[in-house]
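Visitor: Hello! I would like to learn how to read a protein model, one feature at a time. Could you walk me through this one?

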Amino acid sequence: MRNFTIVAALAALSQPVFGQEQASERTVAALPEALADTGEMAPPPVPQSSATEIEDIAPEQLVFGIGRPATEEEIAAIDIDAMPDGRGLPEGSGTYAEGEELYTDFCSACHGEELEGISELGAPGLIGGRGSLASDSPVRTVESYWPYSSTLFDYVYRAMPMDTPGSLTADQVYAISAYILGRAGITSDAPDTVLDAQSMAAIQMPNADGFVSDPRDGNANQ
(Lines give C-alpha, C1' and ligand atoms only; values in the text may rest on other atoms or scores of the structure.)
Protein backbone atom coordinates (compact mmCIF):
# COMPACT_ATOMS: atom_id res chain seq x y z
CA MET A 1 0.00 0.00 0.00
CA ARG A 2 2.88 2.39 0.85
CA ASN A 3 4.55 1.80 -2.51
CA PHE A 4 1.27 2.41 -4.30
CA THR A 5 0.83 5.73 -2.49
CA ILE A 6 4.34 6.93 -3.50
CA VAL A 7 3.77 5.94 -7.15
CA ALA A 8 0.43 7.75 -7.20
CA ALA A 9 2.01 10.91 -5.74
CA LEU A 10 4.81 10.92 -8.30
CA ALA A 11 2.33 10.47 -11.10
CA ALA A 12 0.33 13.45 -9.86
CA LEU A 13 3.42 15.65 -9.72
CA SER A 14 4.32 14.75 -13.28
CA GLN A 15 1.00 16.02 -14.66
CA PRO A 16 0.91 19.56 -16.12
CA VAL A 17 -0.51 22.25 -13.88
CA PHE A 18 -4.10 22.99 -14.80
CA GLY A 19 -4.39 26.00 -17.05
CA GLN A 20 -0.75 26.14 -18.14
CA GLU A 21 -1.65 25.29 -21.71
CA GLN A 22 -3.82 28.42 -21.79
CA ALA A 23 -1.01 30.73 -20.52
CA SER A 24 -0.67 33.97 -22.48
CA GLU A 25 2.45 34.74 -24.43
CA ARG A 26 5.19 36.31 -22.29
CA THR A 27 6.36 39.82 -23.10
CA VAL A 28 9.46 41.81 -22.18
CA ALA A 29 10.04 45.49 -21.62
CA ALA A 30 11.35 47.49 -24.52
CA LEU A 31 15.08 48.13 -24.49
CA PRO A 32 16.18 51.74 -23.90
CA GLU A 33 17.19 53.77 -26.88
CA ALA A 34 20.86 53.76 -27.85
CA LEU A 35 23.02 56.83 -28.42
CA ALA A 36 23.78 57.23 -32.10
CA ASP A 37 27.45 58.13 -31.62
CA THR A 38 28.50 55.45 -29.15
CA GLY A 39 25.79 52.82 -29.13
CA GLU A 40 25.52 53.09 -25.36
CA MET A 41 22.15 53.15 -23.67
CA ALA A 42 20.61 56.61 -23.57
CA PRO A 43 19.93 58.01 -20.10
CA PRO A 44 16.30 58.05 -18.97
CA PRO A 45 14.42 61.32 -19.23
CA VAL A 46 14.74 63.72 -16.31
CA PRO A 47 11.66 63.46 -14.05
CA GLN A 48 9.54 66.58 -14.04
CA SER A 49 8.15 68.00 -10.82
CA SER A 50 4.39 67.85 -10.43
CA ALA A 51 4.60 71.37 -8.98
CA THR A 52 4.56 72.73 -12.55
CA GLU A 53 1.08 71.27 -13.06
CA ILE A 54 -0.65 72.54 -9.93
CA GLU A 55 -1.35 75.92 -8.43
CA ASP A 56 0.46 77.35 -5.45
CA ILE A 57 -0.21 75.44 -2.25
CA ALA A 58 -1.31 77.43 0.78
CA PRO A 59 0.73 76.20 3.78
CA GLU A 60 -2.09 77.06 6.18
CA GLN A 61 -4.25 74.45 4.50
CA LEU A 62 -1.71 71.68 5.13
CA VAL A 63 -2.79 71.01 8.70
CA PHE A 64 -3.26 67.37 9.60
CA GLY A 65 -3.82 67.63 13.35
CA ILE A 66 -0.68 65.74 14.32
CA GLY A 67 2.75 66.73 15.61
CA ARG A 68 3.76 70.06 17.11
CA PRO A 69 6.09 72.91 16.20
CA ALA A 70 9.73 72.25 17.04
CA THR A 71 11.09 74.14 20.02
CA GLU A 72 13.97 76.58 19.68
CA GLU A 73 16.21 74.12 21.55
CA GLU A 74 15.33 71.29 19.14
CA ILE A 75 16.01 73.48 16.13
CA ALA A 76 19.30 74.71 17.56
CA ALA A 77 20.50 71.12 17.99
CA ILE A 78 20.49 70.57 14.22
CA ASP A 79 20.70 74.15 12.92
CA ILE A 80 24.40 74.06 12.06
CA ASP A 81 26.19 74.61 8.79
CA ALA A 82 29.90 74.03 9.30
CA MET A 83 31.61 75.31 6.16
CA PRO A 84 35.14 74.48 4.96
CA ASP A 85 36.36 78.02 5.66
CA GLY A 86 35.20 77.81 9.27
CA ARG A 87 31.91 79.66 8.96
CA GLY A 88 29.26 78.03 11.10
CA LEU A 89 31.69 76.23 13.40
CA PRO A 90 30.58 77.02 16.96
CA GLU A 91 32.70 78.37 19.78
CA GLY A 92 34.51 75.82 21.89
CA SER A 93 37.58 73.60 21.86
CA GLY A 94 38.80 70.14 22.76
CA THR A 95 42.09 68.27 23.06
CA TYR A 96 43.36 64.98 21.68
CA ALA A 97 43.53 63.51 25.20
CA GLU A 98 39.95 64.49 25.95
CA GLY A 99 38.86 63.07 22.60
CA GLU A 100 40.53 59.73 23.27
CA GLU A 101 38.46 59.28 26.42
CA LEU A 102 35.28 60.48 24.74
CA TYR A 103 35.86 58.20 21.76
CA THR A 104 36.08 55.21 24.11
CA ASP A 105 32.84 56.21 25.81
CA PHE A 106 30.74 57.19 22.80
CA CYS A 107 32.28 55.84 19.60
CA SER A 108 34.34 52.69 20.06
CA ALA A 109 31.37 50.34 20.49
CA CYS A 110 30.48 50.89 16.83
CA HIS A 111 33.68 52.12 15.17
CA GLY A 112 36.11 49.85 17.02
CA GLU A 113 38.78 50.49 19.61
CA GLU A 114 41.35 51.18 16.90
CA LEU A 115 38.94 53.18 14.67
CA GLU A 116 38.89 50.21 12.29
CA GLY A 117 35.11 49.98 12.03
CA ILE A 118 32.85 47.04 12.80
CA SER A 119 31.35 45.70 9.57
CA GLU A 120 28.77 43.56 11.38
CA LEU A 121 27.23 46.75 12.73
CA GLY A 122 27.54 48.64 9.46
CA ALA A 123 29.90 51.11 11.13
CA PRO A 124 32.74 52.16 8.81
CA GLY A 125 36.38 52.55 9.68
CA LEU A 126 37.44 56.12 10.36
CA ILE A 127 41.13 56.05 9.47
CA GLY A 128 43.37 54.33 6.93
CA GLY A 129 42.92 53.79 3.21
CA ARG A 130 44.86 56.87 2.17
CA GLY A 131 45.64 56.71 -1.54
CA SER A 132 43.36 53.71 -2.13
CA LEU A 133 40.44 55.42 -3.87
CA ALA A 134 41.84 54.90 -7.37
CA SER A 135 42.64 51.23 -6.69
CA ASP A 136 40.50 48.13 -7.16
CA SER A 137 39.88 48.06 -3.40
CA PRO A 138 39.07 51.61 -2.30
CA VAL A 139 38.80 52.23 1.43
CA ARG A 140 36.65 55.26 2.20
CA THR A 141 37.38 56.84 5.55
CA VAL A 142 37.65 60.28 7.08
CA GLU A 143 41.34 60.12 6.25
CA SER A 144 41.12 58.91 2.66
CA TYR A 145 37.87 60.38 1.38
CA TRP A 146 36.47 63.44 3.10
CA PRO A 147 37.89 66.63 1.59
CA TYR A 148 37.23 69.00 4.51
CA SER A 149 37.68 68.65 8.26
CA SER A 150 34.49 70.65 8.76
CA THR A 151 32.57 67.68 7.33
CA LEU A 152 33.81 65.56 10.23
CA PHE A 153 32.70 68.12 12.81
CA ASP A 154 29.35 68.72 11.12
CA TYR A 155 28.48 65.03 10.86
CA VAL A 156 29.53 64.07 14.39
CA TYR A 157 27.79 67.10 15.88
CA ARG A 158 24.59 66.49 13.95
CA ALA A 159 24.26 62.69 13.80
CA MET A 160 26.40 60.99 16.44
CA PRO A 161 26.24 58.97 18.61
CA MET A 162 23.77 56.87 16.67
CA ASP A 163 21.51 56.24 19.67
CA THR A 164 21.45 59.88 20.84
CA PRO A 165 22.28 62.11 17.86
CA GLY A 166 22.92 65.75 18.67
CA SER A 167 23.66 65.06 22.33
CA LEU A 168 27.37 65.90 22.20
CA THR A 169 28.51 69.42 23.04
CA ALA A 170 30.68 71.47 20.71
CA ASP A 171 33.64 70.98 23.05
CA GLN A 172 33.18 67.21 22.96
CA VAL A 173 32.96 67.15 19.17
CA TYR A 174 36.12 69.24 18.84
CA ALA A 175 37.89 66.80 21.16
CA ILE A 176 36.67 63.70 19.28
CA SER A 177 37.66 65.33 15.99
CA ALA A 178 41.12 66.07 17.38
CA TYR A 179 41.51 62.41 18.35
CA ILE A 180 40.32 61.01 15.01
CA LEU A 181 42.41 63.42 12.94
CA GLY A 182 45.41 62.82 15.20
CA ARG A 183 45.12 59.05 14.85
CA ALA A 184 44.93 59.55 11.09
CA GLY A 185 48.19 61.49 11.09
CA ILE A 186 46.46 64.58 9.69
CA THR A 187 47.06 66.58 12.87
CA SER A 188 49.33 65.95 15.83
CA ASP A 189 48.60 63.11 18.22
CA ALA A 190 50.18 64.94 21.14
CA PRO A 191 47.77 64.76 24.11
CA ASP A 192 47.55 68.55 24.43
CA THR A 193 46.76 69.18 20.74
CA VAL A 194 43.77 71.53 20.66
CA LEU A 195 41.12 71.93 17.99
CA ASP A 196 38.74 74.87 17.76
CA ALA A 197 36.96 76.71 14.94
CA GLN A 198 40.08 78.49 13.73
CA SER A 199 42.48 75.55 13.82
CA MET A 200 39.95 73.15 12.34
CA ALA A 201 39.32 75.41 9.35
CA ALA A 202 43.07 75.54 8.69
CA ILE A 203 43.46 71.75 8.37
CA GLN A 204 44.42 70.46 4.92
CA MET A 205 42.81 67.07 4.37
CA PRO A 206 44.65 64.43 2.27
CA ASN A 207 41.85 64.22 -0.31
CA ALA A 208 41.16 67.95 -0.56
CA ASP A 209 41.85 67.86 -4.32
CA GLY A 210 39.90 64.67 -4.95
CA PHE A 211 36.61 66.40 -5.76
CA VAL A 212 35.51 68.68 -8.59
CA SER A 213 32.89 71.40 -8.58
CA ASP A 214 29.45 70.52 -9.90
CA PRO A 215 28.86 72.74 -12.94
CA ARG A 216 25.10 72.27 -12.87
CA ASP A 217 22.90 75.07 -11.55
CA GLY A 218 19.98 72.92 -10.48
CA ASN A 219 17.99 73.31 -13.69
CA ALA A 220 16.00 70.09 -14.22
CA ASN A 221 16.59 70.26 -17.98
CA GLN A 222 20.36 69.83 -17.66
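Guide: Gladly! Let us begin with contacts along the chain. Among contacts between residues at least 6 apart in sequence, 53% join residues at least 24 apart. Keep in mind that this is a predicted model.

Visitor: Which secondary structure elements does the protein have, and what pattern do they follow along the sequence?

Guide: The protein has 7 helices and 2 strands. Reading along the sequence, you meet them as α-α-β-α-α-α-α-β-α.

Visitor: How much of the protein is buried?

Guide: Here a cut-off helps: a residue counts as buried when its relative accessible area is under 20%. Of the 222 residues in the protein, 26% are buried. You can also look at the surface itself: the accessible surface is about 16,400 Å², and carbon and sulfur atoms account for 55% of that.

Visitor: Let us pick one helix. How do I check the length of H6?

Guide: Count its residues and compare with the distance between its ends. Helix H6 covers residues 170-183, which is 14 residues, and at 1.5 Å a residue it should span 20 Å. Its end C-alpha atoms are 20 Å apart, so the expected span and the model agree. After H6 comes Gly185, which has a positive phi, near 75°.

Visitor: Is H6 mostly covered or mostly open?

Guide: Mostly covered, as 11 of its 14 residues are buried. Among them are Val173, Tyr174, Ile176, Ile180 and Leu181.

Visitor: What covers those buried residues of H6?

Guide: The cover includes two strands, S1 (93-95) and S2 (194-196). It also includes helices H3 (96-106), H5 (149-159) and H7 (197-201).

Visitor: At what angle do H3 and H6 pack?

Guide: Picture a line through each helix, then look at the angle between the lines. For H3 and H6 the angle is about 95°, and their axes are 7 Å apart. Angles of 65 to 115 degrees count as roughly perpendicular, so H3 is roughly perpendicular to H6. On the H3 side, the residues making the contact include Tyr96, Leu102, Tyr103 and Phe106. On the H6 side, they include Gln172, Ile176, Tyr179 and Arg183.

Visitor: Where does Ser149 lie, and what is Ser149 in contact with?

Guide: Ser149 lies in helix H5. With a relative accessible area of 4%, Ser149 is buried. Setting aside neighbours within four places in sequence, Ser149 is in contact with Leu181, Met200, Ile203 and Met205. Leu181 may sound familiar: that residue is one of the buried residues of H6.

Visitor: How many disulfides does the structure have?

Guide: The search of the whole structure finds 0. Two cysteine sulfur atoms must be within 2.5 Å to count as a disulfide. For Cys107, the nearest cysteine sulfur is that of Cys110, 8.7 Å away, and Cys107 is in no disulfide. Cys110 is in no disulfide either.

Visitor: Are Cys107 and Cys110 buried or partly exposed?

Guide: Cys107 has a relative accessible area of 13%, so Cys107 is buried. Cys110, at 26%, counts as partly exposed.

Visitor: One last residue, please. Where does Gly117 lie?

Guide: Gly117 lies in the loop between helix H4 (108-111) and H5. Its relative accessibility is 14%, so Gly117 counts as buried. Leaving aside neighbours within four places in sequence, Gly117 is in contact with Cys110, His111, Gly112, Ala123, Pro124 and Gly125. Gly117 and Cys107 are 10 residues apart along the chain, and their C-alpha atoms are separated by 10.0 Å.

Terms used:
Residues numbered from 1 in each chain as written. Predicted model: local features only at pLDDT ≥ 70, side-chain atom pairs only at ≥ 80, totals over all residues. Heavy atoms only, no water. Helix = DSSP H or I, 4+ residues; strand = E, 2+ residues; numbered from the N terminus. Expected span 1.5 Å × (residues − 1). Buried < 20%, exposed > 50% of the residue type's maximum accessible area, 1.4 Å probe, protein only. Contact = heavy atoms within 4.5 Å. Areas by Shrake-Rupley, 256 points an atom, 1.4 Å probe, with all protein chains shown as cover. Axes fitted to C-alpha atoms, helices over the stretch in contact; angles between N-to-C directions. Parallel < 35°, antiparallel > 145°, perpendicular 65-115°, else oblique.
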